[in-house]
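User: Could you walk me through this structure with a few questions and answers? I'd like to start at the surface and work inward.

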Amino acid sequence: GSFLSVRTKHIECLERMLNFNNFVDSKTSWQEHWKILIYDGFCRDVISTLFKVADLRKHGVTLHLNINADRQQVQDVSAIYFVQPSKDNVARIGRDCAAGLYDSMHLNWSSTIAQDQLHALATSVAECEGQSRIQKVFDQHMNFVSLDHRLFSLMMDQSYVKLNDPEVGDAEMESTINDIVNGLFSVLVTLGVVPIIRCPRGDAAAMVGERLCKKLRDHFLSTNNLFKEQAFSSSSFSRPALIIVDRSTDLSVNLQHAWSYEAMLHDVLGMNLNKLTVSETVGEDGRRQPSRVYDLGASDSFWVDNCGKPFPVVTDEIEEKLTAWKLEYAAIGTQGQAEYVADAAGGGGVDGAP
């Protein structure tokens with residue numbers, strides 16, 4: 001159903017975060033509180049597929065900066081941090097607090113922060129007596145990237161190798177499985193659904209499925225149950241199925257891609273995070289065409305209609321759209337010219353003779 005649009009739900013969660021983790025409705029005025037957004041590399045990717053700079057401005061964000069950049073002190077403006085709960089990020093936030101960069105700091109972790117990291121942050125903040133600067137601390141459970149309404153990525157490099165290479169140690173494999181489980185848990189929290197989990201036995205997919213099931217069970221028993229709002233909603237009676245399958249079940253997809261518009265853009269132009277770059281070209285006449293970045297996604301109607309179609313069909317579609325555009329352009333030009341002639345004949349033009 002429509003309630004399973006991961007992109008729509010993800011945008012709602014980010015909007016709530018930008019509203020200082022308060023509920024957002026039609027009466028919300030983003031201009032009441034201007035703010036600065038601080039993110040790390042991963043969380044920048046999370047945001048960039050859902051919000052453009054203009055969208056951030058509309059939500060009251062006047063400045064957005066990387067946490068590792070050299071930042072200056074800004075008074076009387078709230079800072080919203082959206083970062084991974086890593087040791088480096090926690091240490092940097094402690095230094096920001098000690099330096100008094102911002103009067104008000106709202107900390108949002110992309111996934112659950114470990115207790116030792118939370119204690120480390122509390123210690124560094126207490127040492128500089130900056131407790132009054134920290135307004136809120138939230139686990140956002142958003143450590144994944146939404147690429148479309150029904151497509152997301154955990155952005156994990158070499159995960160297949162880490163799960164199948166016999167030379168990979170147990171600790172690294174455990175870490176990879178935990179990252180997958182935490183990522184899938186975040187997706188379920190964002191969607192607000194508790195699925196029926198199905199997976200084959202005896203492989204990495206089974207380990208992920210079992211641990212995810214245990215994580216959900218343990219979470220239901222905790223006082224901070226993130227699914228309690230959905231417990232009595234109409235969607236709770238139609239639980240979706242989450243099917244977890246090992247990549248080895250169908251290796252051919254990695255080697256032989258379909259001849260679709262989307263697959264070709266990935267393979268030929270290196271599409272990443274719904275963006276692709278067409279490199280600079282030099283024509284026969286020596287003219288340079290600078291490189292261009294194109295943003296493709298759910299807001300691009302041509303992309304939505306054609307991304308899954310075979311490439312020859314898309315070229316015909318482009319030709320049709322181009323022809324229709326040329327006709328519209330010609331019609332506008334003809335209409336404008338006719339109006340200009342009529343104005344001139346009636347003496348209404350700027351340069352009309354008396």
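User: Happy to have it in view! What phi does Gly270 take just after α10?

Analyst: A quick note before we begin: this is a predicted model. Helix α10 covers residues 261-269. Just after α10 comes Gly270, whose phi is positive, at about 65 degrees.

User: Is Val268 buried or exposed?

Analyst: Val268 is found in helix α10. The cut-off for exposed is over 50% relative accessible area. Val268 has 62% relative accessibility, so Val268 counts as exposed.

User: Which residues of α10 are buried?

Analyst: Val268 in this helix is exposed, but other α10 residues are covered. Buried here means under 20% relative accessible area. In α10, the buried residues include Tyr261, Ala263 and Leu265.

User: How much accessible area does the nonpolar patch with Val268 have?

Analyst: Val268 shares this surface patch with Leu269, Val278 and Tyr294. Taken together, their accessible area is about 320 Å².

User: Is Asn306 buried or exposed, and what is its relative accessible area?

Analyst: Asn306 lies in helix α11, which spans residues 301-306. Beyond its neighbours within four places in sequence, Asn306 is in contact with Val314, Glu317 and Tyr261, and Tyr261 is a buried residue of α10. Asn306 counts as buried because its relative accessible area is 0%.

User: Now inward. Which element gives the most residues to the largest nonpolar core?

Analyst: This core has 23 residues, and Val208, Leu212, Leu216 and Ile244 touch the most other members. Two or more residues come from each of α7 (170-191) and α8 (204-221). The top contributor, with 9 residues, is α7.

User: Which residues are in contact with Ile244, leaving aside its neighbours within four places in sequence?

Analyst: Ile244 is among the core residues that touch the most other members, as are Val208 and Leu212. Both of those are in contact with Ile244. The full set is Leu184, Ile197, Arg198, Cys199, Pro200, Ala205, Val208, Gly209 and Leu212.

User: How many residues are in the second, separate core?

Analyst: Cys13, Tyr39, Val145 and Leu273 are included in this second core. Its total is 22 residues.

User: And for the chain overall, what share of the residues count as buried?

Analyst: The chain holds 12 helices and 13 strands, and it exposes about 21,600 Å², with 53% supplied by carbon and sulfur atoms. Of its 354 residues, the share that count as buried is 35%.

Technical notes:
Residues are numbered from 1 along each chain as its sequence is written. This is a predicted model: local features need pLDDT of at least 70, side-chain atom pairs count only at pLDDT 80 or more; totals for chains, interfaces and linings use all residues. Side-chain values use heavy atoms; hydrogens and water are left out. Patches are made of residues with over 30% relative accessible area and no salt bridge: like charges are joined within 9 Å, nonpolar side chains (Val, Leu, Ile, Met, Phe, Trp, Tyr) within 5 Å. Accessible areas come from the Shrake-Rupley method with a 1.4 Å probe; for residues, only the protein chains shown count as cover. A salt bridge is a side-chain nitrogen of Lys or Arg within 4 Å of a carboxyl oxygen of Asp or Glu. Helices (H or I, at least four residues) and strands (E, at least two) are DSSP runs, numbered from the N terminus. Buried means under 20% relative accessible area, exposed over 50%, partly exposed in between (1.4 Å probe, protein chains only). A nonpolar core is a set of buried Ala, Val, Leu, Ile, Met, Phe, Trp, Tyr and Cys residues joined through side-chain atoms within 4.5 Å. Contact means heavy atoms within 4.5 Å.
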